[in-house]
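User: Hello! I am new to reading protein models and would like a close look at a single part.

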Amino acid sequence: MSDFVFAPPAQIAVPVKGGGLFPVRRIFCVGKNYADHVKEMGGDPKDVPPVFFTKPADAVHTGGVMRFPLATDNLHYEGEMVVALKSGGAHIPEADAARHIFGYAAGCDLTRRDLQAVAKEKSGPWDIAKALDDGAVIGPISRYEENTLLNSGAINLSVNGETRQKSDLSLMIWSIPEIIARLSGLFTLKAGDLIYTGTPEGVGPLVTGDMCRVEVDGLEPVEFNMVAR
Ligand code: MN
């Protein structure tokens, strides 16, 4: 008989390609990590460094049917590559970052752009724009051998079969080792952490009935379709 006063929530997990489940601890995200996306949002990449924000683990959605999120009239897709960690630590040097990586997945950082615009205007936090239910879409995680860095490769997002985002991982402003080094200076990273590495240009809205698909070279695609709430 446990001491919990009600049943604790189930462990959030993401399927691993080839079998097994990756248990999710925390979700970190990089914003403004592709120069052409910074420009489309009205910023100058020379003046605007990348930023970190977080989503709760229970925002994970592993693809398939999604009920349209609450409280937004302007839900945006952001196709991203996701790093999954098998270990961590604080103050991880860039040269040591790769050995903490379990694998990679294609994902989508869903954003309530209307609520983010209000937050930006008021210099307030982004939480309600970014930490929405189902807001961390992720496909199956592909295991990679130790010290494999996904430094290049095509990243594409389509809506209803039409390409909306088309870029390359080599265009990230902060590389994977730099992201891990910087993030681990702010938070102690641990096994089970996911890191969304930022979106390229071409972000835009999703509406009920849309089918959204994210593809990253060498990884399993992820697809989800919006149905009415
Ligand atoms: Mn993003």
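User: Leaving aside its neighbours within four places in sequence, which residues is Arg 112 in contact with?

Analyst: Happy to help! This is a predicted model, in which local features need pLDDT of at least 70 and side-chain atom pairs count only at pLDDT 80 or more, while totals for chains, interfaces and linings use all residues. Residues are numbered from 1 along each chain as its sequence is written, and side-chain values use heavy atoms, with hydrogens and water left out.

Apart from those sequence neighbours, Arg 112 is in contact with Leu 70, Ala 71, Thr 72, Asn 74, Ile 128, Ala 129 and Leu 132; contact means heavy atoms within 4.5 Å. Arg 112 sits in strand 10 (residues 111-112). Strands (E, at least two residues) and helices (H or I, at least four) are DSSP runs, numbered from the N terminus.

Arg 112 is buried, meaning under 20% relative accessible area with a 1.4 Å probe, protein chains only. Yet Arg 112 has no salt bridge, that is, no side-chain nitrogen of Lys or Arg within 4 Å of a carboxyl oxygen of Asp or Glu. The nearest side chain of opposite charge, Asp 114, is 6.3 Å away; Lys and Arg count as positive and Asp and Glu as negative, with His and the chain ends not counted.

Now a look at Leu 206. Leaving aside neighbours within four places in sequence, Leu 206 is in contact with residues including Phe 68, Leu 110 and Phe 224. In the largest nonpolar core, of 40 residues, Leu 110, Leu 206 and Phe 224 are among those that touch the most other members. Such a core is a set of buried Ala, Val, Leu, Ile, Met, Phe, Trp, Tyr and Cys residues joined through side-chain atoms within 4.5 Å. Strand 9 (101-109) and helix 4 (176-183) are among the elements that each supply at least two residues of this core. A second, separate core of 21 residues includes Cys 29 and Leu 194.

Note on methods. Buried means under 20% relative accessible area, exposed over 50%, partly exposed in between (1.4 Å probe, protein chains only).
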